Amino acid sequence: MKAHISILLLFLIVTCYTGHAQTHHAQPGQPNFIVIFADDLGYGDLSSYGHPTILTPNLDKMAAEGMRFTQFYAGAAVCTPSRAALLTGRLGIRTGMYGKRSVLFPNSAGGLPLKEITIAEMLKAKGYATGIIGKWHLGQLPEFLPMHQGFDYWFGIPYSSDMGKIGTTRYSPDNPNATAPKPNAVPLPLYRNDKVIEEEPDQHYLTQRYTGEAINYIKKNADQHKPFFLYYASNFPHVPLYASPEFEGKSKRGIYGDVVAELDWSVGQVLKTLKDLKIDKNTFVIFTSDNGPWLTQLDHGGSAGILYEGKNSTYEGGMREPAIAWWPGKIKANAVSSALTNTMDLLPTFAKLSGADLPKDRILDGMDISDILFGKKDIVRNMIYYYINESLYAVRKGPWKAHFTTHPSYSQEAPVPHDPPLLYNMDVDPSEKYNVAKQRPDIIEDLRKEYEKQKAIIPAPAQMDKILPATGIK
Ligand code: MG
């Protein structure tokens, strides 16, 4: 009898222990998360953000059914550090995702350090399926690819789609050979999981193929009743611009408008799939972009609307993005929020909504914004920091923004220090036209303290400058 009880106890202990250790276990009611991330889309490029000729009916409907943000920021002004910030909830200075080349290239040997915890890793530990469709740009060596950063499925391209043999499609001052084909370049690889399945895929059909993959991924997980995180990172409207025959030549805005219209169609297909499968009320979707418009691409670059400057600038046009959050029944329809918000806020917000554990052994720059999404609070964060690589250029506190350094985007000119800093009231002057530094020494003094405090952060070692030996690619 005694022996029986001991065995029973042992059995119970083992069951409880393994039950506890089994973290890959989904619980009912966990919401799905979808992040749709455009590339180089400007603040002024959607009809719901004021563009006069680009038509985005699906995104406008998404905004009408959800929340449209007017002061939502990317984590950096260029691709790689911005994507690292989104996925880790941390600034580039903390992850080391910065460097002299500003983004990773096909001959880069660096990547997002594996010790970083991505949204995918965080949610996977909570039983989520984790998929990425589209652009990665956080390291192209095998060890840095998505399957090693918490994703269990990938269909896409490891970097920007102008980094294969096809150049960009417009002259730009920083890249005068932009239009020339690049015969020595590595052919643009298209991956499924950890295998290259095609080289130089026909980019006319990229948006269609990404859309089909996204829909299949959603359906597969809905069929299995498995909560999922889908990171759908389009390569567009970054150059080179390609749309399928259905969209090409249709927009009054030209090829850029065609590409944005097809991306808009794609978002519509994703939302329709959620509704058809009746999982829309259990799925949080956010649409935004990694950085502002690439202005040197002329009419092949986008528009930041009323905001000044674009990609690679710490003026608002470089980092403030259109952002639309959608969750029928949870986020009120027709909501507009001017709260300061940031892509880095998504990781802590998803942790809160899924019950996942936040990474506790590191500093996060993101904040849980679920109270803003659900209309319980108007303000969660008060500060935005603007970096170029490891250099802090500007800080924003509430309505006030001080530029301690500026540089013209994609110019070879040296950065310009400002003392006193340029000061703008973003509520009154979102275009950053009227410097009021002389009138408000009190605000300058306060922002200088915030700047010095943030500048005291010691950057993690740079991860983006390591280059593969003798690849012969610039
Ligand atoms: Mg980009």
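Trainee: In this predicted model, is Glu65 buried, partly exposed or exposed?

Mentor: Glu65 has a relative accessible area of 25%. Because buried means under 20% and exposed means over 50%, with partly exposed in between, the class that applies to Glu65 is partly exposed.

Trainee: Which residue in helix 2 meets Glu65 in a salt bridge, and how many residues apart are the two?

Mentor: The side chain of Glu65 meets that of Lys61 in a salt bridge, at 3.2 Å from N to O, and Lys61, at 44% relative accessibility, counts as partly exposed. Both residues belong to helix 2, which covers residues 57–65, and about one helical turn separates them, because Lys61 and Glu65 are 4 residues apart.

Trainee: Where in the chain is Lys275, which also meets Glu65 in a salt bridge?

Mentor: The side chains of Glu65 and Lys275 come together in a salt bridge at 3.3 Å, N to O. This pair links distant parts of the chain, 210 residues apart, with Glu65 in helix 2 and Lys275 in helix 7, residues 255–276. Lys275 itself has a relative accessible area of 31%, and is therefore partly exposed.

Trainee: How many residues apart in sequence are the parts that Glu116 and Arg362 tie together?

Mentor: Glu116, which is buried with a relative accessible area of 2%, forms a salt bridge with Arg362, and their closest N and O atoms are 4.0 Å apart. Glu116 lies in the loop between helix 4 (92–95) and helix 5 (119–124), and Arg362 in the loop between helix 9 (346–354) and helix 10 (370–373), so the parts tied together are apart in sequence by 246 residues.

Key:
Residues numbered from 1 in each chain as written. Predicted model: local features only at pLDDT ≥ 70, side-chain atom pairs only at ≥ 80, totals over all residues. Heavy atoms only, no water. Buried < 20%, exposed > 50% of the residue type's maximum accessible area, 1.4 Å probe, protein only.
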